[in-house]
Amino acid sequence: MLPVKLKIKICGMRDFENVKNVLKHQPDYMGFIFYEKSQRIVTEEQMDKLLNLNFGATKRVGVFVNESPDRIIELFEKGYFDLIQLHGDESPEDIIKLKYEGIEIIKVFSVGEYFDPAILKKYEQIADYFLFDTKGLNPGGNGVKFNWNVLQGVKISKPFFLSGGLEVSDLKLAQLMGIDNMIALDYNSKIELLPGLKDLDEVEKLLKD
Ligand SMILES: O=C(O)c1ccccc1N[C@@H]1O[C@H](COP(=O)(O)O)[C@@H](O)[C@H]1O
């Protein structure tokens, strides 16, 4: 089987120069975390500055944990992101409100030792993408990989992102594994110098071809 081509998301960005330098490598997605307990939280002031940059084809993702739909819509209207990633226990009703505003949705599921695919059912009609991250102490950014084999054989009806402690070397492994409907890898804490500051050498290795 030929290795699949996967898109790349670089998440947890906020520093102007770092964002500018990462954009030179044109990731498919760049994530900004709007969660007050995150070490990588981005402020509105930082986002306002970042709006001066040319993102080209890179889609901006706003990352949220149990945020109110009204607040998400307010930030969306400021033009801070193109789509959102929801890491909490957001209800289908809240997500539908966001869909009405024309916001594309990535719904996150935390994966432990086992994964019950029944949870996917109620989000199938309303999410545009799924994302599988490692279950951990924090809602995201735990820097720990889960056993991807738990997804093998599970029917995943939406295109999905794979996440959770990913390192550069995981790209080849994920490409070879080629789980059905996997379209992107989401990189965060394992390619950082400091929280919110990405290592440009690692970014270059990931996006060199
Ligand atoms: O990175 C964070 O601080 C964070 C906080 C709250 C929700 C999501 C967060 N990050 C997302 O978590 C996954 C996995 O990150 P890691 O590779 O394990 O560090 C990724 O989708 C980040 O976007």
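## Residues around the ligand

A residue is near a molecule if one of its heavy atoms lies within 4 Å of it. In this predicted model, the ligand has 21 residues around it, and Cys11, Ser38, Gly143, Asp186 and Ser189 come nearest. Sorted by class, the shell holds 12 polar, 5 nonpolar and 4 charged residues.

Three side chains can be named for their distances to ligand oxygen atoms. For Ser38, an N or O atom of the side chain is 2.7 Å from an oxygen atom of the ligand. For Arg40, the distance from a polar side-chain atom to a ligand oxygen is 2.9 Å. For Ser163, an N or O atom of the side chain is 3.1 Å from an oxygen atom of the ligand. On its own the ligand has 500 Å² of accessible area, and the protein covers 98% of it.

## Lys198 and its contacts

Lys198 belongs to strand β10, which spans residues 197–198. Is this lysine buried or exposed? Lys198 counts as buried because its relative accessible area is 1%, and the cut-off for buried is under 20%.

The side chain of Lys198 is joined to that of Glu192 by a polar contact of 2.8 Å. Apart from neighbours within four places in sequence, Lys198 is in contact with Ile10, Cys11, Gly12, Met13, Asn18, Val22, Arg40, Asn188, Ile191, Glu192, Leu193 and Val203. Two residues in that list also appear in the account of the ligand: Cys11 is one of the residues that come nearest to the ligand, and Arg40 has a polar side-chain atom 2.9 Å from a ligand oxygen.

## Two glutamates

Glu124 sits in the loop that runs between β5 (104–111) and β6 (129–134). Although placed in a loop, Glu124 counts as buried because its relative accessibility is 16%, where buried means under 20%. Setting aside residues up to four places away in sequence, Glu124 touches Phe130, Ser157 and Lys158.

Glu74 is part of helix α3, residues 69–77. With a relative accessible area of 37%, Glu74 is partly exposed. A polar contact of 3.1 Å links the side chain of Glu74 to the side chain of Arg71. Glu74 and Ser110 are 36 residues apart along the chain, and their C-alpha atoms are separated by 27 Å.

## Positive phi in two loops

Most residues other than glycine have a negative phi. Gln26 is not a glycine, yet its phi is positive, at about 45°. Gln26 is found in the loop between α1 (16–23) and β2 (29–33). How far is Gln26 open to the surroundings: is it buried or exposed? Gln26 is exposed, since its relative accessible area is 57% and the cut-off for exposed is over 50%.

Asn181 also has a positive phi without being a glycine, in this case about 75°. Asn181 is located in the loop between α5 (170–177) and β8 (182–187). The relative accessible area of Asn181 is 35%, so this residue is partly exposed.

## Annotated domain

An unreviewed UniProt entry places the feature "domain: N-(5'phosphoribosyl) anthranilate isomerase (PRAI)" at residues 8–208. In the model, the C-alpha atoms at the two ends of that span lie 11 Å apart. Helix makes up 24% of residues 8–208, and strand makes up 23%.

Methods
Residues numbered from 1 in each chain as written. Predicted model: local features only at pLDDT ≥ 70, side-chain atom pairs only at ≥ 80, totals over all residues. Heavy atoms only, no water. Polar contact = N/O pair within 3.5 Å; in protein donor to acceptor, adjacent residues only side chain to side chain. Areas by Shrake-Rupley, 256 points an atom, 1.4 Å probe, with all protein chains shown as cover. Nonpolar A, V, L, I, M, F, W, Y, C, P; charged D, E, K, R; others polar. Helix = DSSP H or I, 4+ residues; strand = E, 2+ residues; numbered from the N terminus. Buried < 20%, exposed > 50% of the residue type's maximum accessible area, 1.4 Å probe, protein only. Contact = heavy atoms within 4.5 Å. UniProt positions renumbered as here; feature names shortened; annotations may be inferred.
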